[in-house]
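Reader: I have a structure open and would like to ask about it step by step. Where should we begin?

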Amino acid sequence: MIPSINNTGDRTRGLLYYLYEPGEAEEHVDPHLVASFDGMAPDPGRTHDYDATLQELAVLLDQPVQALPAHARPTKHVWHTSVRAAPGDRILSDDDWADIARRIVAATGIDPGNGEPGCRWAAVRHADDHIHIVATLVCEDGSRPDDFRSGMRAQAECRLIEKELGLTLVNAGDGTAAKRPTSAERHKAERQGRERTAREELRETVRRAVAGATSEEEFFDRLAAAGLLIRKRTAPSGDVLGYTVALVDDRTGDAEPVYFAGSTLAPDLSLPRIRERWSAAQHDPAPEHHMGTPAGPAQARRRTAAAAWQALLIIDHGNDHQTAAHIAAVGEILDALAKTSAAHTRKQLQEAARAFERASRSHVQAERGHDRALRQAARDLVYGGTAQGRGEDGATTAMVIDMVAFLVIAAAHWHGRKNHAQQAAAARQAAEHLRAAYQSAAQHPMAVLRHRGRRLSQPLQRRQAAHLRQAVPHLAEQILAEPGWHALAATLADVEAAGHEPGALLAKAVARRELDTAESVSDVLVWRLRRLADLPADASAMPEADTATPQSAGRPKRPSTGRNTPPRKTR
């Protein structure tokens, strides 16, 4: 059950008119009262004289306000909240909604009951799944209600209602979520044939413009390049104080663009909050993180996988403020990956980025600067260009998705320990989308590796299995039974051919992070080993390891004589 406290207004009749009218998309069905402050308020939805009854209801609700001297009346005196059932919940009766309305106004201090002065209010139902409560913010005795933090109080009451009525238990919020689109915005998007509202499209575009940006100029250049209309708010000194953005084709009835301030798109998209991200980069004491523009998408993805590998340590063992900064930077990585991904992984990566957006913020203050390696990786992804679906681009995409998925899961665990229920759920949802993206990205490169692994000689396969049993004895039999074992065997052979000690490198790959929760341990180890040994992620262009018969396997190969005759024997 989701309560949404809206901004206060000054026109009681105007709000009632909106609630009782059919709506721009005919979405309001059978509007009627389910409850009111005294249980006897007139109902415009159940009368033949609609206009007169609606005016009568508005006057009734406004009476305590009008009874005050003009100078004592609050300018914004109309309080409004909607209370919506979660998708999948059963349809509640009018009596159920009436009881819910009375509990919400009591919990929020609008009408506390128990002999305390309360405000006048009415609850209107015009759909199966929600109600609207309208109240005027002057009590019967002329005092103001104690509605401080009414949103949090409504949330707490809804958690109790869910348990008592057997409804979906919605994760409690902490006030850091982005504002949801209004019903008017949703209906406008439907009329225009948009999949998402203008607010949602702008939020995603601004987030992508922020990803890896290091200056105000770069940020605004990216917004302009994305085709947004931009207005900057400046001080008399010329300093930029804030900004608003609009879609070119999102207009009012007067054909004016509909602008949104960054802070109304998400709390961390206001200009001061964005500046916090790049202020650390401008005073970066560790220039070794800046390695120049990557040669292409594959190099950018390898760098990102390396940065993610290091960031896991911080999220697992760093202090909360450093961890919060890293988690926010993971959001930038996902935004950059979604922007630069090939078609076959793009949709799932976009969904992962959208889901993780909620996980990227909490009340834990991010200590910026510690996240510079991840932010640089996001920048590398943006300037590395769009990846192709096959070859080294495609294989390194699988590599980086595999590593970033571990980061997202670590973020979910951290949020869970902090009782950030919504953020933890959002991170878990993002992880599911990353798993789906990984399956698409890894299908071809892993098939190549499995084919190479099956062609290895039996002695070489046994040697790689021995390395595995020594490095991960508790997981070795599970890995050997996985479909990906042959890919891991091929990778261990490539590691050995490159001059590394397979057992030592395998131990290093295992040591940094537990593997028990991995869906395919062999896949995880493949990408870690190929990154640590600096092997091409795409093995199709590499020479194959020993594929000789068991009898000849392990012998040094003689140089070719170029003839069909056998080589000369020597004593």
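Author: This is a predicted model. We can begin with one residue, P536, and its accessibility.

Reader: Does P536 count as buried, partly exposed or exposed?

Author: The relative accessibility of P536 is 31%. Buried means under 20% and exposed means over 50%, with partly exposed in between. Because 31% falls between these cut-offs, P536 counts as partly exposed.

Reader: Which residues does P536 touch, leaving out those up to four places away in sequence?

Author: P536 sits in the segment after α20. In sequence it is 145 residues from G391, yet the two C-alpha atoms are 9.8 Å apart in space. Once residues up to four places away are set aside, the contacts of P536 are R302, E392, R530 and M542.

Reader: Which element gives the largest share of the lining of the second largest pocket?

Author: The second largest pocket has a volume of about 380 Å³, and 20 residues line it. Two or more lining residues come from each of α14, α15 and α20. The largest share, nine residues, comes from α15.

Reader: How many residues in the lining of that second largest pocket are charged?

Author: Among the lining residues, D402, Y438, Q439, E519 and S520 lie nearest the centre of the pocket. By class, the lining of the second largest pocket has eleven nonpolar residues and four polar ones, and the charged residues number five.

Reader: What is the volume of the second largest cavity?

Author: The count of cavities of 30 Å³ or more is five. The lining of the second largest cavity includes R301, H344 and A441, and α12 and α14 each supply at least two of its residues. The space in this cavity is about 40 Å³.

How values were computed: Residues numbered from 1 in each chain as written. Predicted model: local features only at pLDDT ≥ 70, side-chain atom pairs only at ≥ 80, totals over all residues. Heavy atoms only, no water. Helix = DSSP H or I, 4+ residues; strand = E, 2+ residues; numbered from the N terminus. Buried < 20%, exposed > 50% of the residue type's maximum accessible area, 1.4 Å probe, protein only. Contact = heavy atoms within 4.5 Å. 1 Å grid on protein atoms, 1.4 Å probe; cavity = no way out; pocket = protein on both sides within 12 Å on 5 of 7 lines; lining within 4 Å. Points joined across faces, edges and corners; volume = space filled by probe spheres on them. Nonpolar A, V, L, I, M, F, W, Y, C, P; charged D, E, K, R; others polar.
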